[in-house]
Every structure is written in C-alpha cells, then in structure tokens.
Amino acid sequence: MQQVSPATLLVLVPLLPLVGAVLTLLLGRRLRSQAHLPAIAGIAAAAAVAVVLLLGTAAQVGRPDGIHAEPVRPVEMISTLWQWATVDGAYTPPPGSAASIPGTAVGGTAGASRAFSIPVALRLDPLTATLLAIITCIGLVVAVYSIGYMHHDPGYPRFFAVFSLFVFSMSMLVAASNFLIVYVFWEAVGACSYLLIGFWFRKPEAARAAKKAFLVNRVGDFGLAIATFLLWMTYGTLDFHDTLSPDGTILPGILGQTRLADSSGIVGGAVGTAICLCLLLAACGKSAQLPLHVWLPDAMEGPTPASALIHAATMVTAGIYLVARTAPLFVACPGALTAVSIVGATTALVAALIATVQNDLKRVLAYSTISQLGYMFASLGTGTLLGFTAAIFHLVTHAFFKALLFLGAGSVMHSMGNVIDMRRFGGLYRIMPVTAATFLVGALALAGVAPFSGFFSKDEILASLHGKGWPHAHGEHHDAAPASSHAATTPPLHLVGLRTSATEPRAVDRRALIGDGSASGAVGWLDGLDTPATWQVLFWMALLTAGLTAFYTFRAVFMTFTGPARVPEEAGHHAHESPPVMAVPLMILAVPSAIAGWWLFSTQWLSHFLSATPSFTAPAVATTAAPHTFHMDLAIQGSLAAAIGIVIAAIGHLGRRSDGPQMERFLGPLHTFFANRCYIDQLYSGLFVRPLEALALVAALFDRHVIDRLVNGVARLPVALGGVVRLLQVGLLQRYALAGVMGVLTIVLALAWRLRG
Amino acid sequence: MTPVASLSPGMILAGAVTAAAASLWLLLPRGAENRLARWLGLVLGAAALAGFIVTGRRLGGLGEEAVFLVVSLVAVISGAATIVTRSPVYSAIWFALALAGVAGVLLVLGAQFLGVATIVVYAGAILVMFLFVLMLAQPSGLASYDRVSNEPLLSAVAGAVLLGLLSLTIGRLSADPTCCAVPAKSDAVTGGDGERKSAVPAAADPLAADQVARLGGELFGRHLLAVEVAGVLLLVALIGAIAVVARGEAALEDDRRLAAGGARR
Amino acid sequence: MMPLVAAGSTAVLHNALLVGAILFALGLVGILTRRNLIVMFLSAELMLQGISVSLVAWSRHHGDFGGQVLVIFVLTVAACEAAVALVFVLQAFARTGRLDAAAWQELREATLARTVDHALPASDAVPPRWPRLSTAGVVPPGADESPLEREHV
C-alpha cells in the first residue's frame, strides 16, 4: 500500500468503471449474456479502491475525541491529471476584487493579468471520499441485482455500458476540483440519465420521459453555467483549490484554504446571492426540487435498477453535493441559505402530499425521493455545521434504504410480470418473503422509526431546523462563537513554500463576510427572511412531512404485501421470489439500512469525518459547530409523527384489498388535486411546451417550404442548364464539326486580336 | 472608280470576303429552288472575285498576270461550283475542272511534275473512284439530302472568318520587308560545295532541263525513308480496304440471315 | 518565252497563297454544308488542293524542293485516304441505303428525337428531261435492257 499513492488510487476510482464501460461497448455483442462482466469488474474494483481511500482519509482525519475536541484540520489532496485549457492573459483582476483576497498579498498584485486555466484536477477530501464510497458500493450492489433483473433484455450490454459510464461520470463529478470540470460531468450524468431513462426507447412514454428529464435538467444546467460565469468574473479562477502561479504567488481557489481562512475572502451581497441562487437552480434541476421536480416521477419509465441507482442514491444527490461543496459561498449570503431551506422544505411537503395518493409503487418511491431530497436541502439551508453534516448523513442513509426500496419494487415488478400498480396485486408477503422483509426494513428506515438508520439522520435534520427556529432552546449558540474559536487557519502542508496568512482568529459574524456591504432590494428582502419565525415554520413543515412520509410508505407496504393474496394475469408463472442474484443484494442493502444510522450516530464518526472537509473548516461554518447531543424531545416529536402516520395507514390499508377507495373517500376533492400532481405538469405544458411546439412547427414549415425549396431550386439549376446544353447533342456530325471549327476560329481570333499591332 | 480606289486594301478585302460569304450562302442548296437567290449569289460572287483580284499583287508583266489570273479563276470558280451544285455527278465534273485549274497554277509556279501529277493521280484515279461510287450508290434523280444543306449560314460565316483571317495574314506577310527574306544564293550550277547548294539554283530556275530529275534526286535522296514509308502506306491502304469490304460482306450476310430467322454464323 | 517572275518576289507568293486560302475555305464550307458523302469527300480533296498550292508557293518562294516533296506525299496520302474512305462510304450505303451524312444520328442524346428534313417541294426533285437521241442502227440481239438504263444522272 505504500507504493501506491493516493493520487493513483483516486484516479482509479473513475477510471475503472470507464474502462469497464468501454470494454462493454466493444465486446458487449460478443459476450452476450456475460456482458455484465467488464462493468461489474470495473465497478467492483472501483468500490474496493474507494473504500481504501475512505479508510485512508479517515485515518488522516483521526478519531473524534469527544466533546471538547481539538479543532479539526482540513484534509485535502489534489491530484492534477493534465491541463485541459489555458488562455493567457484572460483575466485582469480589478483592484480590491476578491480575485486576490482583499487585504492580503495572496493572489498576486492587482492589475497583473492571469490566465484562464482549466486543469483536470481531482480532489480527495472527506466529502468526496464519502460520496465515492457510496456511489461505487451501491453501484456495485445494484449492478449485481441488474444481472438478474435485465436478464432477458435484448439491450443487456447497452445497459451495463451506460451504467458503468454513469458511475464514471458521477465519480468524476464528486472528485473534480474545478467548476468547469464539474459542469462537464454534471452534463455527463444528465446524459447517462437520459440514456437510462430512455433505455426502452421504442416505448413512446419512455422516450418522452427521457426527453423531459433532459430538458428540465437543462434549465438547471443553465443555472450552473451562469454561476460558473459569475464565479469566474468575481474570483478570477474556477478552481476549488489554491494553485501556484508561475511567479510563485498563490492563486487562491474559490474554495481554497487560503481564501477560506480569510474571513473577507468570499463575496456576499448581490453578486454572491446571485451566484448562490444560480447554484441553487442547478441543484434544483438535478435533485428534482420545486419547480424542476417534474422529471423524476416520469423517469420511472426506465429500468428499476437505473432508478435505484441514479434516481435514489447518486445522481439526484449531485445537487446536495454541489450546495454542500459550495457551503462557504452560501454561508456568506444568508438570503440564499434561507431560500435553499424554503425550497427544500416546501418541496418535501408537496411531494409527500402527492405521494399519498399515488397507486404506482415506483411513483410513490419517486415522490418519496423528492421529499427526502427536500429534507436534505432544508438541512443544508440552515448554514450550520450540524445542518451540513446532517444533510450528508441523511444522504448516506437515504442512499441505502431508498436503493433497497427501489430494488424491492423491482423485485415485485419482476414477479408480477411488469405490473407495478399496487391496486392489482396484494398479500405478496406469502409469495415473496425475502422481498417483503427487506422492503419492510427499508420502509421502517424511510419512515424514521428508531433504531433504523433513517431515524437518526432525520432526527439530526430536525435538530438543525429546530436550532435555527429556537436558537436558545438547548442552550447552544449556533452562530457567533467565543473568541477562542479554533477555526482552522493553518494551511495544509502539501502546498510547499506557502506563506501563512493571518493566523489570529477573528470573531466571526456572518454579516461581516458580506464583501461589498450592500444588502439592498431583492437581496435585502431575501436576507430579511432569515428570521427565527421562518425557521419555525420550516420546522413544522418538516415534522408534518415526517408524518406523511411514514403514512405513504406504510400505505404502500400494506397495499403490496398484506391483505388477500392477489396476482395479476401478466404474472403468469413468474409469481415467485426473485432469484438469489436479485435477493442477495436486497439483503446486503438491508443491513446498513438497519444499523448504519445508529452506528454512525453513536460513534459521531461521520460528522467528525466530514467536518474535516475544507468547505466545512471555513470559519463561518466551523464556528457553528456544536457538540452533538441526542435531543430527546425532538426524537419523541419525530417518532410520534411517524407513529401517527403508520397507524393511519394501518387503519386504512392493513389487511385489506389494495384496490379499495379509501384514499378517495378520505381526501375527497383534494385527492384529484394531488393525483394530478398539483397540476404543475399541465401548467408547464401550457406555459412552455405548447408555445415551443408551435415554434417548432413554424420552424419545420419554414424549413420545408422555404429552405428546402431554395436548396432544391439551386440543385435544379445545373439540371436545367444541362437540359439546355443537351439540346446541342443531336448526333449530326457535321454540326459537331461546325462547332469545332467555330471554336477554333474564336480562339484564333482572340489570339489575333491580342497580337495585333 | 475613285470611291473604290480610295478604300484601303484591307477594307476591299473585307468587302470581298463578306460578298463571297453572302454569295455562298445564297448559292448553297437550301431546299426549294430560288432563281432570285441564284442570280444574286452569282452577282455577289463575281463582285467578291473582283475584290480579291484587286487586292492581289501586280506580277511582273501583263502576260504573267493574265495566265495566272486565268488559271486561278478557273480553279476558284470550279471549286465554288463543286460545293454548290445539287447533283453530285456535276459536282465531280466541276471538281475535275478545278483540278485542271490547280494544275495550271502549279505549272505557273514552276512545279512541273506536280502539275502533271495532279491531273494524273487526282483526276485520273481518285476522281474516277468517286464516280464509280456515285454510279453504285446514287439514287436516280436528286435525292432529298442533295437539296438541303446543313447550317449554310453559319458555315458560310465560318468560312468567311477563316478566309478573312488568312488573307489578312497573307497581306501582313507580304507587306513586311523583313519577313520571308530569302538568303542570297549563288548561281553556281556547278556543284562542288555539296548537294544542297547545287539543288537551290535548280529549283530557283524551273525552266532548267533537269528540274524534274533534281526533284527526284531530292526526293530519293533526303526523303528516301519517307518514300519507302509512303509505299508501305499505299500497300496497307490497299489491304485494309479489301479487309473491310470482306468483313463488311460477312456482316451483311449475317444480318440477312438473322432477318430471315436463322442463326448467326 | 515569257520570263518567269524571279524567285523570292513576294507578289507571286501573295497571290498564290491567296488562291490556296480561297480553295481551302471553299473546301471547308463544302464539308460543313453538303450532306452527300461523296460531295463531302470532294470538298476535302478541294481543301487538299488549296494546301498543295500554298506549299508549292512557299517552295517557289524559298527556292527549294521542300514544299513540292511534301505535296507529293500529300498526294499519296490523299489517294490512300480516298480509297479507304470510299470503302466506308459503301459500307454505310449498304446499311442505310443512302449516301446521307445525316442518316447517322444514333449518337445523339437519348431524350432528343431524330432530326428529319422538312418535306421538300417535289417540283425540283426531278431535273428536266434530257434530250434523247433517236435510235439508229440495229437493235443488238439480246434482251430488252431498259431496266438497266438510267434516264437521269
């Protein structure tokens, strides 16, 4: 292990699935039913490497030392693969701009022009290591599951190739250390998602769903692009990390440690808020938050393993990753932070409401994903270290149990002959005991029942929201910290020859971080939303959502697995438990769904580990650290909500036939409203889709009647000319001879004219 | 004719060429017989000839001029008649007359052998061959294709342009004193300086007794190889003609056999 | 004896070249215009005559035999050409039954129709009858040969 450097291992994690993808593309046709081998080998190797990296990084961070821990030093390793683009002299920082950190000498002299430089650089820090491990390990489990699920599909090799390509893209996304590289792989995962949703492209609904997903994601990508432009203009670089310029000065990266150590390094105010809101838009697009959530339910047209991987565990978490990574930027703009939470909480509530009336098991899980992602955003928006780490904690546990639930749904679908409407089957626990048991484990985790994993992560989220709404309730201060704050200011050792910047700690008030000091107009209004009252509302919304989550989850469980045993005709002779290649992954995923939450919480390992991420060691974030305690009152509130939800679901559905009219009778007119997804799709259709279709029709008519006519006319010109010339060829030799003579005479005349005199 | 004399030779030439072209166009067979066109053509042709005569150079004395004028007129008028008459047999006869004119011109220019050879070979052999073919192939009466011409106007214009160019060039040529300077040649009849030198005066003097002999000597001396090749060429033409006829006969036989429903041999 | 014009004078050259040029141009017009194959070949021979006159004129001007030798070869080649050409003319006649250059139009564009002559008035199709001599002497023994007679040329 000493011989292999971490940089090599880091490159291997995305590289191995890429190699697997390429091999599958090349050899897939030949391997046929063994076409999964290169992809599985690549992902498995990548998973092993990712776990090794995780353990190595954890060793560097060290163990948590208890309540009065030493300040956590940031752990970061940058490995630059190659220089992708360089444009010299592309940026001249205006004096006093954030490009060089104002007030320090870091970043070179103002006025010296810098190059536009995009290195393909990968980074390894606790956040990346965690996500890499999640992506590859869950990817491996789902890939093994897919061997059974996609067994008879004619597109078998194509599935594994795109799957492997997706793992590569997602790994690169979380490991990239430059905004442009992130953008590239942001798009790449979108493309892989399109390919997987539209896997059965001959089905019109699948093709439409894939198109919808891609187009809605595009709106988010637009946000990321604008954010990238603004970041370049504000900071003069697109790197996360600090780099050394040719003349020896440090070019501070946007999230580099020299910038984060300086309290005025991050720009706030109007520009900062604009950047953060654009990043939020991008995150909404990728993580299916309001108003860009419409693609995720339709994306269930794709194969269930694809849904399990990308729409539960990995791709949709890219938005969470982005906001978590750019935490310092958000923390400098309190208005943007509040907006994140508001969006998250609202989405969570609305999605949970819609999920209560869905009859398609996968749609329930899709809306559940949207809702849980909303939870994570709500937690991120609190801006505290607890909030950020709680969001990532929930991301990890959610990855496990949601993937488990999706694979279980896939298992059900597989035996029911591709029928997934819950009203058409029931009482399946007799037929599929393993699936039922693992699905129950996942459902308990999702509902937040102690001691399953979801309980702990949800509890932490509720705690962070509660802490913002009632700042003095637990006797902890979550913002202004005592002067003895141990915010990490020493730069990491891997940047050799670095002059250390100011080392004395500063009293950090978040407001002081606003760069240009103006908070007027819309930004001021947004900032003004950051009041405890807002957070209290968000807390109650989150609690209500917890109850709804438990309700719809167990409604789905009871409708599917309890009641009289019913099997639809499409099942035929398929109605039996899944083969081991599908059942074993379910059992594998059930284990962390059950115990990961308890284990991670009790050892405080994850939050300690994540706090060493450079983004979270910034003073603005790190000073909000509070010792982790178990808030009993919040736990009781959360569990009560969950229990109420489960009980109501049991009253309605336990042991009954699943095609009863309980939901319609209970909700009345609201039922239609939620069943039609709050009419958002229809709204978008009228606002955007129809006008675009009309425009497309105009363009098509123009193309057909004007452009085509013009081109064809031009093509007809030589034909017409030829037709005229053709009339000369009459076959009479004397005419040909005459033409020859006239030609010769013309030439001679011309020569004679030139030579006259 | 003062107005005519005041015109430059170039303009007279241009007028003559135009008149010649117009007359040819009028005279060429163009379908229905048109007496007016014929008369007009003849008049214009005469005018053209007059124009050409006027632009010609004065020769030494009236005698030479007269002889040259007569034979060249015979040649030219017969040549024009060859291409203009409707009946191909008449055309052949006019051609014979043209040959006589050309032979006369050649004799005036001092090429005694060639003058006679023209008559013997052309009029005696080639023309007779043409007449044989006419005898075999010509329909009785005037065929339709004898009464129509192919693009007479354009062809006449092309001929006119060509003639104009050529006569302009000839005019330039003879007007330029430095052109065509003939190197001074000694009159020594006695050889001694070599064959080439002695051949020059003989050619310069067409009345020498051994002029034809000297021509023969030149021919079989310097151009022996060409003579031999020419002989072989004649043999090849002979064999080729026979071969084509033989094969042609076989092909015709096959065609008739096929038409009768038999198999190709 | 009439003295001939001295060799080297340009007057003879000019006139003779002019005659040659006229003959050449006439022959060219004939080839391009007339449709009877025989008349076309006669026109070609006319062009060769013009060439011969020009060559001999130059020969006379330079005072050597070069031009005359060339004319001899022209004569030879003309004879060969006439022989072979007439064989082909007869082959063509055997195929189409006409001595018409416009009978051969097969190399035209596929979409074009054959060019046909417009109907010509029949009035001059038949030249006037030639006077006939009255018969004299004894009719030789043998069959009536009237079918072999041709009234017109």
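Helices, such as those that flank the loops described below, are DSSP runs of H or I with at least four residues, numbered from the N terminus. With that in mind, A:Pro291 can be placed in the loop between α8 (269–287) and α9 (295–298) of chain A. The model is a predicted one, and the points below take up cis peptide bonds, a helix of chain A, residues with positive phi, and the contact between chains C and B.

**Cis peptide bonds in chain A**

- The bond that joins A:Leu290 and A:Pro291 is a cis peptide bond, with an omega of about -10°, and A:Pro291 belongs to the loop that runs between α8 and α9 of chain A.
- A cis peptide bond also leads from A:Ala450 to A:Pro451, where omega is near -5°, and A:Pro451 sits in the loop between α16 (433–447) and α17 (453–469) of chain A.

**Helix α19 of chain A**

- Helix α19 of chain A covers residues 532–561, and because its 30 residues should span 44 Å at 1.5 Å a residue, the 43 Å between its end C-alpha atoms agrees with what is expected.
- This helix, α19(A), is mostly covered, since 22 of its 30 residues are buried.
- Just after α19(A) comes A:Gly563, which takes a positive phi of about 95°.

**Positive phi between α26 and α27 of chain A**

- A:Cys678 is not a glycine, yet it has a positive phi of about 60°, and its place is in the loop between α26 (669–675) and α27 (680–726) of chain A.
- With 15 other C-beta atoms within 10 Å, A:Cys678 counts as partly exposed, because a residue is called buried at 20 or more such atoms and exposed at 12 or fewer.
- A:Tyr679, likewise a residue other than glycine, has a positive phi near 60°, and A:Tyr679 too is found in the loop between α26 and α27 of chain A.
- A:Tyr679 has 13 other C-beta atoms within 10 Å and is therefore partly exposed.

**Where chain C touches chain B**

- In chain C, 81 residues are in contact with 90 residues of chain B.
- On the side of chain C that touches chain B, α1 (10–33), α2 (37–62) and α3 (66–96) of chain C each supply at least two residues, and the largest share, 21 residues, comes from α3(C).
- Sorted by kind, the residues on this side of chain C divide into 54 nonpolar, 17 polar and 10 charged.

Note on methods. Residues are numbered from 1 along each chain as its sequence is written. Chains are lettered from A and ligands numbered from 1 in the order in which they are written. This is a predicted model: local features need pLDDT of at least 70, side-chain atom pairs count only at pLDDT 80 or more; totals for chains, interfaces and linings use all residues. The expected span of a helix is 1.5 Å times one less than its number of residues. Two residues are in contact if their C-beta atoms, placed from the backbone, lie within 7 Å. Ala, Val, Leu, Ile, Met, Phe, Trp, Tyr, Cys and Pro count as nonpolar, Asp, Glu, Lys and Arg as charged, and the others, Gly among them, as polar.
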